[in-house]
Amino acid sequence: MGTAAVERSVDAAGARLCYLEAGPEDGPCLVLVHGLLSDKSTWDLALPLMADRGLRVLAVDLLGHGRSQASPRGYLLDDFAASLRGFMSAIGVPSATICGHSLGGAIAVHFGYHHPECVDRLVLVSAGGLGREVNLGLRLLSVPGIEHAVALALPAARRVLRDGRLHRLLRWDAQRVTNLRRKGRSVGSRELRGPFFASLRGVIAPRGQRGSFLEMRYLAEQVPTLVVWSEKDGIIPVAHARAAHAFLPASKLVVFPSGGHDPHRRHAAAFADAVATFVLST
């Protein structure tokens, strides 16, 4: 089962942030940062396992996502980095291992660049910001005005997500349905839809991701880094993981031989082992 997580909230950088906490208070601190179309619940399978391994684990809802308040400024990487710095300060964590999934990976690297004193290690899980290539669907969602079409399609999408017979016909397992429902929550309400599109367009344009962090040589020289991916990731190609590992010769690389953009869920136990071993040995 794993250690149960406790949900908490805190005022940080002008907004109320909601987060989950589990594990010993005196353990090495691990801050989990989710990606687009997601929230802190994406870590629910791996979080208790990492807490069982002696880590103090904190999974935060980003500004305007999950149960956290909307951003008082905006949804660029600078805004998320400032919010994360405020979060850590508010809960009394001077530094931690920052683990980011997808957009959260880009935020983790950006945060480390601006606040290196707060980052003990980096864990980049199917991370954005390591190359231009990205799934066509996300590129299309960055087109101006597309949110109106998304709003019109929501009633039909909700019916699909409620239809168990269709799930069986399409061979969607429970894990995939859970992930799709989480994504649906991110665009299903007006309050969350605005932050999602603003966050998306901050890092993705119709031609691809807006840049690469691989020029940040300081990572190779100062911050122990673990890169985790799936071999057949359909959102961000595994080539980004291998390029990052080659660029950061001191980094560690774990690639799971499967598909999916969420190795922390599909391989929760192995993922928890890899992260805990990395944190406790570096």
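**Note on surface, cavities and backbone of a predicted model**

1. L136, L140 and V143 make up a nonpolar surface patch whose combined accessible area is about 250 Å². A patch gathers residues with over 30% relative accessible area and no salt bridge, joining like charges within 9 Å and nonpolar side chains (Val, Leu, Ile, Met, Phe, Trp, Tyr) within 5 Å. A salt bridge here is a side-chain nitrogen of Lys or Arg within 4 Å of a carboxyl oxygen of Asp or Glu. Accessible areas follow the Shrake-Rupley method with a 1.4 Å probe, and for residues only the protein chains shown count as cover.

2. The model is predicted: local features need pLDDT of at least 70, side-chain atom pairs count only at pLDDT 80 or more, and totals for chains, interfaces and linings use all residues. Residues are numbered from 1 along each chain as its sequence is written, and side-chain values use heavy atoms, with hydrogens and water left out.

3. Within the patch, L136 belongs to helix α4 (residues 136-141). Helices (H or I, at least four residues) and strands (E, at least two) are DSSP runs numbered from the N terminus. L136 is partly exposed, at a relative accessible area of 49%; the classes are buried under 20%, exposed over 50% and partly exposed in between (1.4 Å probe, protein chains only).

4. The second largest pocket holds about 240 Å³ of space. Its lining comprises 20 residues, of which A106, G129, V203, Q209 and R210 are the closest to its centre. On a 1 Å grid over the protein atoms alone, a pocket is an open set of points with protein on both sides within 12 Å along at least five of seven lines, whereas a cavity is a set where a 1.4 Å probe fits but cannot get out; lining residues have an atom within 4 Å of a point. Grid points are joined across faces, edges and corners, and a volume is the space filled by probe spheres set on the points.

5. Helices α3 (103-114) and α8 (190-203) each contribute at least two residues to the lining of this pocket. By class, that lining has eleven nonpolar, seven polar and two charged residues. Ala, Val, Leu, Ile, Met, Phe, Trp, Tyr, Cys and Pro count as nonpolar, Asp, Glu, Lys and Arg as charged, and the others, Gly among them, as polar.

6. How many cavities of 30 Å³ or more does a search of the whole structure find? There are three. The largest cavity has a volume of about 60 Å³, and its lining consists of nine nonpolar, one polar and one charged residues. Helix α2 (residues 77-90) gives the largest share of that lining, four residues. Among the lining residues are L17, V33, V60 and D61.

7. The second largest cavity contains about 40 Å³ of space. Its lining is formed by A12, A13, L63, S71, P72, R73, D79 and S83, with four nonpolar, two polar and two charged residues. L63 and S83 also appear in the lining of the largest cavity.

8. Two residues that are not glycines have a positive phi: L37 at about 55° and S102 at about 60°. L37 sits in the loop between β3 (29-33) and α1 (47-52) and is buried, with a relative accessible area of 14%. S102 lies in the loop between β5 (96-101) and α3 and is likewise buried, at 11%.

9. R8, in strand β1 (residues 6-12), is partly exposed with a relative accessible area of 38%. The C-alpha atoms of R8 and V60 are 9.4 Å apart, although 52 residues separate the two along the chain.
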